Structures are given as structure tokens and as C-alpha cells.
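The following exercises concern ring geometry, helix packing and local environment. Each task is followed by a worked solution.

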Amino acid sequence: MARRPAHRLLSDFDAYERRLWAGRADAYGRGFALLTAYTAEPLLDAVAAGPGTALLDVGTGPGTVAVAALRRGAAVTAVDADPGMAGAAARAAPSLDVRVAALPRLPFPDAAFDAVTGNFVINHVGDPPAAMAELHRVLRPGGRLALTCWRLPPTGGLAVTREAIDRAGVAWPDDVPPPVFTPHGEPAAFAALLAAAGFAGPAVTELDWAHHTDPEHWWENVSAAGVGAAGVVISRQDPAATGRIRREYDRLMAAYATDPGRVALPMHALLAAGGRYSRADEGGGPVASGL
Ligand SMILES: C[S@@+](CC[C@H](N)C(=O)[O-])C[C@H]1O[C@@H](n2cnc3c(N)ncnc32)[C@H](O)[C@@H]1O
């Protein structure tokens with residue numbers, strides 16, 4: 001039987017995700033990364049990152065969490081599935097060990113890290129349980145994991161662009177799939193995902209905040225820049241449809257206006273943390289949660 005080329009081994013969702021992020025690193029860094037930066041310190045607190053912690057940041061994007069961990073004195077390795085994102089992370093911190101690698105396969109031996117973080121990446125993998133198993137494998141016994149995801153389905157500021165598309169009467173294309181993470185995007189289900197992968201003491205914290213931005217800047221660097229699924233859909237439209245979406249976007253954004261040219265977008269995320277059982281307890285009782 002003929003061997004299938006490597007890219008055929010990706011699920012349709014993972015293949016779609018690779019296309020979603022390709023070429024988007026610069027726009028992501030100017031726009032969406034300013035939003036996701038909010039959860040960097042809570043993630044690092046949840047794994048107790050400090051001087052000497054061997055920390056892996058998965059789906060690092062432009063390296064926000066990785067750089068914050070370096071500032072704490074951690075020894076940081078970062079991976080991203082997209083070479084452009086990995087390049088941006090490497091430029092952000094020359095001392096960072098950055099690799100191009102994708103969940104659910106990481107190029108590290110078992111038990112290589114004291115701590116693993118992932119800021120809004122688990123909601124982008126095609127097979128979340130397989131990804132969790134891999135994160136468990138690379139964590140040392142007694143080590144800690146912390147992941148964020150959006151509360152799903154998206155609400156508040158995260159829903160504006162998609163809602164503008166719908167209100168403008170633009171059909172959602174069949175080849176842009178719904179997020180596979182939706183069933184896990186609420187606290188009990190997210191905690192259950194960690195527990196099912198063998199993590200001890202899984203705990204989920206809800207993080208709610210307002211992202212202050214300029215709607216024009218958000219449109220330029222997120223919505224119209226092809227960042228995220230709704231951004232991809234907008235980037236495919238002709239000028240007339242784009243104009244209709246933009247008008248709806250402006251109407252929706254007006255509800256969040258604070259000052260002229262400023263909005264406060266409500267954001268709702270989940271932070272899940274858990275520990276790997278210590279060797280003595282593997283298969284037995286939980287390690288101290290550390291939270
Ligand atoms: C929403 S961005 C988050 C980036 C970054 N963690 C942050 O704090 O802004 C999702 C990132 O996950 C990466 N990604 C998507 N699927 C991945 C996978 N299976 N394995 C590793 N990285 C992946 C994307 O390339 C993208 O950089």
C-alpha cells in the first residue's frame with residue numbers, strides 16, 4: 001500500500017488550523033496577542049513558575065507567556081505549530097528555546113518539564129484528549145499544568161465579529177469548521193478533560209475582564225486581518241459584503257464604547273490547572289494542588 005504524505009495524517013480540523021494561522025503572526029502580535037496577554041501571569045502563577053522552573057509553553061504564538069516566564073527566571077522551551085508564530089517568539093526573546101511542533105506530538109522525552117502552560121491553544125487542537133495525554137507525558141511526576149480556553153460558545157467581545165457576519169447576511173462557509181473544543185468550554189467539562197488524562201486535583205477558575213481597545217485597530221489587526229475563524233471569513237469577502245459586515249461591526253461595537261474611539265470588550269475565559277501525580281502516588285492519591 002502506498003504511504004500517505006505526512007500532511008494527510010493531520011485531521012481535517014488540524015489541517016484547517018494550520019491554514020488558519022499561516023502568515024498571521026504579525027497581525028496577531030499587533031492585535032489579538034494584546035488580549036491574550038491578560039492571562040499570562042495567572043497561568044504562570046497556577047504552575048508556580050519561578051527561578052529554575054523547567055517550563056514548556058505550548059502554542060506559544062508570539063511568545064507572550066514564554067517571555068513572562070523567562071522574566072521569572074524559568075528555563076523556558078516554547079513550541080508552536082506555525083513556523084511564523086515560532087519565528088515571532090524567537091525574535092521576542094533570543095534566549096528562548098523555540099521549536100516548531102504540534103500537539104498531539106511533542107519532540108520531548110517523557111517527564112521533561114516541571115511545568116507546562118498553554119494559553120488559548122487547547123481550544124485549537126483537533127483531538128483534545130490526545131493533546132492532554134501528550135501534555136501529561138512530558139510533565140514530570142509532581143509537575144504542574146495550566147491551560148486557558150475561551151468560555152464556549154463565545155460571548156461578549158469575542159462574539160462581535162461573528163455576529164457582524166451573521167447580521168450582514170453572509171453565509172458561513174462549509175470549510176470553516178466550528179471549534180471542536182465547544183463541549184469542553186465550560187468549567188466542569190474542562191476539569192473533567194484534565195481528570196480523564198490523569199491529572200490530579202484539576203481546578204478551573206473563571207477569568208472575566210474587559211479588553212480596552214480601539215475598534216478601528218481591532219478591525220484592522222483582527223477582524224479584517226484574517227485572524228481567527230471570523231477573520232478568515234471576512235478576508236474572503238468582496239468589498240460590498242465587507243462593507244456590510246463593517247457597518248454591523250460598528251453598530252455592535254458601539255454598545256461597548258467608553259470614550260470616542262475606545263471600547264471595553266467583555267471577555268470570558270477559563271483557566272484549568274492540575275498536577276501530575278508524584279511517582280509514589282501514581283495511580284494513588286493526588287499531589288498537593290499548589291493552588
Ligand atoms: C490563539 S493563539 C495563542 C497564542 C499564544 N499562546 C498567546 O498567548 O497569544 C493559538 C496558537 O496555537 C497554535 N496552535 C494551533 N494548533 C496547535 C497545535 N496542535 N499544536 C501547537 N500549537 C498549535 C497556533 O499556531 C497559534 O499560535
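**Exercise 1.** In this predicted model, determine whether phenylalanine 13 and tyrosine 16 are buried or exposed, and classify the geometry of their ring pair.

*Solution.* Begin with the environment: phenylalanine 13 and tyrosine 16 are both buried. Next, locate the residues: both belong to helix 1 (residues 12–21), at a separation of 3 residues, about one turn of the helix. The structure holds 11 aromatic pairs. For the rings of phenylalanine 13 and tyrosine 16, the centres are 5.9 Å apart and the planes stand at 55 degrees, so this pair is tilted.

**Exercise 2.** Classify the ring pair of phenylalanine 32 and tryptophan 150, and state which parts of the chain this pair ties together.

*Solution.* Step one is the geometry. The ring centres of phenylalanine 32 and tryptophan 150 lie 6.1 Å apart, with the planes at 75 degrees; an angle over 60 degrees counts as edge-to-face, so the pair is edge-to-face. Step two is the location. Phenylalanine 32 lies in helix 3 (residues 32–36) and tryptophan 150 in strand 5 (residues 139–150), so the pair ties together parts 118 residues apart in sequence. Step three is the accessibility, for which the cut-off for buried is under 20%. Phenylalanine 32 has 14% relative accessibility and therefore counts as buried; tryptophan 150, at 5%, also counts as buried. Finally, place the pair in context: ring pairs link Phe32 and Trp150 into a cluster with Trp21, Tyr28, Tyr38, Phe120, Trp209 and Trp218.

**Exercise 3.** Describe how helix 10 and helix 12 pack.

*Solution.* Two packed helices are described by the angle between their axes and the distance between the axes. For helix 10 (residues 215–223) and helix 12 (residues 239–254), the angle is about 135 degrees and the axes are 11 Å apart. That angle makes helix 10 oblique to helix 12. The crossing of helix 10 past helix 12 is right-handed. On the helix 10 side, the residues that meet helix 12 are Pro215, Glu216, Trp218, Trp219 and Ser223. Their counterparts in helix 12 are Thr242, Ile245, Arg246, Tyr249 and Met253.

**Exercise 4.** Where is valine 263 found, and with which residues is valine 263 in contact, leaving aside its neighbours within four places in sequence?

*Solution.* Valine 263 is found in strand 7 (residues 263–276). Its relative accessibility is 2%, so valine 263 counts as buried. With neighbours within four places in sequence left aside, the contacts of valine 263 are His211, His212, Thr213, Pro215, Met253, Tyr256, Ala257 and Thr258. As a further distance, the C-alpha atoms of valine 263 and glycine 157 are separated by 9.6 Å, although these residues are 106 residues apart along the chain.

Notes:
Residues numbered from 1 in each chain as written. Predicted model: local features only at pLDDT ≥ 70, side-chain atom pairs only at ≥ 80, totals over all residues. Heavy atoms only, no water. Phe/Tyr/Trp six-rings, centres within 6.5 Å; stacked < 30°, edge-to-face > 60°. Helix = DSSP H or I, 4+ residues; strand = E, 2+ residues; numbered from the N terminus. Buried < 20%, exposed > 50% of the residue type's maximum accessible area, 1.4 Å probe, protein only. Axes fitted to C-alpha atoms, helices over the stretch in contact; angles between N-to-C directions. Parallel < 35°, antiparallel > 145°, perpendicular 65-115°, else oblique. Left-handed = near helix turned anticlockwise from the far one by under 90°. Contact = heavy atoms within 4.5 Å.
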